[in-house]
Amino acid sequence: MNSMGSDRFRKAIGKVKDHTRISLARVSSSTDLPELEVAIVKATRHAEYPAEDRHIREIITLTNDSQIHVASCVSLISGRLDKTRNWIVALKVLILIQRLLQDGDRAYEREIFYATRRGTRLLNMSDFRDMSRTNSWDFSAFIRTYSLYLDEYLEYRMQGGREKHDDEPEPEPVTLKSPVDGKTKDNLFSRLQHLMQLLERFLACRPTGPARNHRIVMVALYPIVKQSIYMYYDMTDALSILIGQFRELEISDSVKVYEFLRRVRKQFDELDNFYDYCKSIGLARTSEYPEVAKISQKRLDIMDKFIREKSGTSQYQSESEEEEEARSPEPDKKEGKLSQDDVLNLGDGGQTVEEYADKVGLAFYDGGPANHRSSQPGGFSPEVIDDMYQQARQNSGNIAAGSANSVAG
């Protein structure tokens, strides 16, 4: 049988399977809500085109305000995933899960989160393979990375990184000029760590081969691309606060900020390339994408020099140098001035900090001169500073290592 004939045969078999499953659900459903199982099959059928939104909306409506129905839905979805080896069905199920987490009852978060961690087949798709056709490798790979992203996103929300709901109080705002106490600083570091991990998962979702332009893949990509834009804003917001307070941070925390920026520099470059691909296929309006900040090596070198000077490793100067500094009304920017604009290259064409703030809603401000020394006698030795860098780099590097290992299969 040639490839065209086998493709027709496969589609016919898939249609028969869906029809049979729907008929069985209507007469002998495993739940007390047969229409729920019917809607799930219709939303995840074998046809190679996106599911009709009305079936997904029906599932959301049927399970609203009912923990029992939410649990039944998750069980049915898991069973559907467990039995299929077809990439179309598997991807449609994952799209359905994403919609339930986004628009469904809030009980879905806990139900899916704990079911996945019990080993239930939901977001643990790292071993998925569709061996039924020769061109399915790229689709199977996308399913593996997409499921990992959804799992990471769900964990992020369960740990408190959720969007604010209408019935929740407004959090106390933290601005660039707000003093960063220990708790706020730790929260910012933790939030950045989670966001970097989540962004790493998102970047791994860039489709390849025939999956790059497939309609079902585009449907899956659109909502997570929108989420990545909010992630980007959250990351730049947190980084801006830390950079704004950079001169007041302890040495070890300054090193952490430096390592965050070093890692984020690579991620932002990849994100910019990902967005270029999305624009090229018409995924969302071009105006919806942010102008991704560029972090140059020169900016990182400025921070590194500042950290080492503040630590006391470069504090020994001659009297003539100190006298020369005292006579200078403003230190040269290249030699010591550190601000958000120094670190985040806000684009070409002379764009000012204020113009960028108007565009993305970030409150940048000029951090001012940073030419001061450690108040501690002797400061830190170069070896101690290098150890701090190494430790921070290992912590940051674990993000990429964990992501690469989990996708390798």
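This short talk walks through the overall make-up of the protein and then its aromatic rings.

Before I begin, please keep in mind that this is a predicted model, in which local features need pLDDT of at least 70 and side-chain atom pairs count only at pLDDT 80 or more, while totals for chains, interfaces and linings use all residues. Residues are numbered from 1 along each chain as its sequence is written, and side-chain values use heavy atoms, with hydrogens and water left out.

Let me start with the whole protein, which has 15 helices and zero strands, where helices are DSSP runs of H or I with at least four residues and strands are runs of E with at least two, numbered from the N terminus. Of its 409 residues, 48% count as buried, a term that stands for under 20% relative accessible area with a 1.4 Å probe, protein chains only.

Turning to the rings, the structure holds 12 aromatic pairs, counted when the ring centres of Phe, Tyr or Trp (its six-membered ring) lie within 6.5 Å, and called stacked if the planes are under 30 degrees apart, edge-to-face if over 60 and tilted for the rest. One of them is the stacked pair of F202 and F274, with 4.7 Å from centre to centre and 10 degrees between the planes. Because F202 belongs to helix α8 (residues 182–203) and F274 to helix α10 (residues 251–280), this pair ties together parts that are 72 residues apart in sequence. F202 is buried, at 0% relative accessibility, and F274 is buried too, at 1%. Ring pairs also join F202 and F274 with Y149, Y153 and Y277 in a cluster.

Notes. Buried means under 20% relative accessible area, exposed over 50%, partly exposed in between (1.4 Å probe, protein chains only).
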